[in-house]
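Colleague: I would be grateful for a close look at a single part of this model, namely the aromatic ring cluster. Please set out how the rings are arranged and what surrounds them elsewhere in the chain.

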Amino acid sequence: MHLTFTRTPLNHAGPQRTDPAFIDACLRHPMARTVLLTRGDVMLSPEGEPQVLHPAQAVDLPLDAPGLVFLGLEGEMPWFAASVQPGTVAPGLDFRRATMVAEPDMAAILGRARAILTWHGRRHYCSNCGAENAPAEGGTKLVCPACGTEHFPRTDPSVIMLPYSGDRCVMGRQPAWPPGLFATLAGFMEPGETIEEACAREVAEETGLKVVSSRYIASQPWPFPSTLMIGLLAEIEPGEPVAADDIEEARWFTRDEVRELYEGPMMRWGPPHYSVSRLLIETWLKGG
Ligand SMILES: [Zn+2]
């Protein structure tokens, strides 16, 4: 099974969605569908599945601004998303839990929906002049009517890496994690950095260890709320890790120790396909 939130079934229809007549036609399409979030969580149908309504039904709900947002086309089928005002409906299912059990295509659609809707929730006003933004292109961008600035949904790149040397790897744990759980290191990229430089900086900040080289393995959209996880294996110089930053403990693990850990605490955290962290660890275990 592939990583959750990857391999979207949606064609984002970038060229077409600039035409308001295209968005109108999508809204009226008999097969059009809308997924519904509330406070970032997933609204469920009576059967316990993510609730899906035709846009004509969804638009009657008390929706947060800007209302329906166009997500893309799945074949001929247009998909929209909307955020229902909290307090007007029952709480949704926790987004993480909902997407752990959703069908892969639905999880990818929900991930795109959450990233865009969260962005709308934080961008009512133009960051350039303070006027109220207006949605454009089906809600996939905002335009300031006062100064003309265009605002696009954010994607925040983050590096996530498993440092290793020889037959051992280094993993760390954060204070909030379940007891005994260790995992890959991660952090947001900073302006002026390459991916490799961000990887080396984060490893140094969190463990004091020096990266010799790093290799890209895979990436994963991570809609909590709008991160792109860039996964790497990082070869490091041997040395004793010194935990710092948001890491409370970091240490070396042999392959056997990693296998033991991941048959225990990590399995309870979530399914293996849910995070690129697990993919990095499995890639290293296989000697990749
Ligand atoms: Zn403005």
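Modeller: Phe 5, Phe 95, Trp 222, Phe 224 and Tyr 274 are joined by ring pairs into a cluster. The model is predicted, and a search of the whole structure yields 10 aromatic pairs. One of these pairs is formed by Phe 95 and Phe 224: the ring centres lie 5.7 Å apart and the planes meet at 75°, so the geometry is edge-to-face, the threshold for that class being over 60 degrees. This contact links distant parts of the chain, since Phe 95 belongs to helix α3 (residues 95–101), whereas Phe 224 sits in the loop between β12 (211–222) and β13 (227–236), 129 residues apart. The two partners may also be described by their accessibility. Phe 95 has a relative accessibility of 1% and therefore counts as buried. Phe 224, with a relative accessible area of 26%, is partly exposed.

Aromatic rings also take part in contacts with charged side chains. Arg 168 is placed over the face of Trp 252, at 4.5 Å from the ring centre. Arg 251 is placed over the face of Phe 253, at 4.0 Å from the ring centre.

Another link between distant parts of the chain is found at the zinc ion. Its protein donors are the SG atoms of Cys 126, Cys 129, Cys 144 and Cys 147, lying 2.2 to 2.4 Å from the ion. The arrangement is tetrahedral because the 4 donor atoms subtend angles of 100 to 116°. Of these donors, Cys 129 is in the loop between α4 (104–122) and β6 (134–136), and Cys 144 is in the loop between β7 (141–143) and β8 (150–151), 15 residues apart. Cys 129 is partly exposed at 40% relative accessible area, while Cys 144 is buried at 2%.

Technical notes. Residues numbered from 1 in each chain as written. Predicted model: local features only at pLDDT ≥ 70, side-chain atom pairs only at ≥ 80, totals over all residues. Heavy atoms only, no water. Donors = N, O, S within 2.8 Å, 3.2 Å for Na, K, Ca; no water. Tetrahedral: all angles 85-135°; square planar, octahedral: opposite > 155°, others 65-115°. Helix = DSSP H or I, 4+ residues; strand = E, 2+ residues; numbered from the N terminus. Buried < 20%, exposed > 50% of the residue type's maximum accessible area, 1.4 Å probe, protein only. Phe/Tyr/Trp six-rings, centres within 6.5 Å; stacked < 30°, edge-to-face > 60°. Lys NZ or Arg CZ within 6 Å of the ring centre and 35° of its normal.
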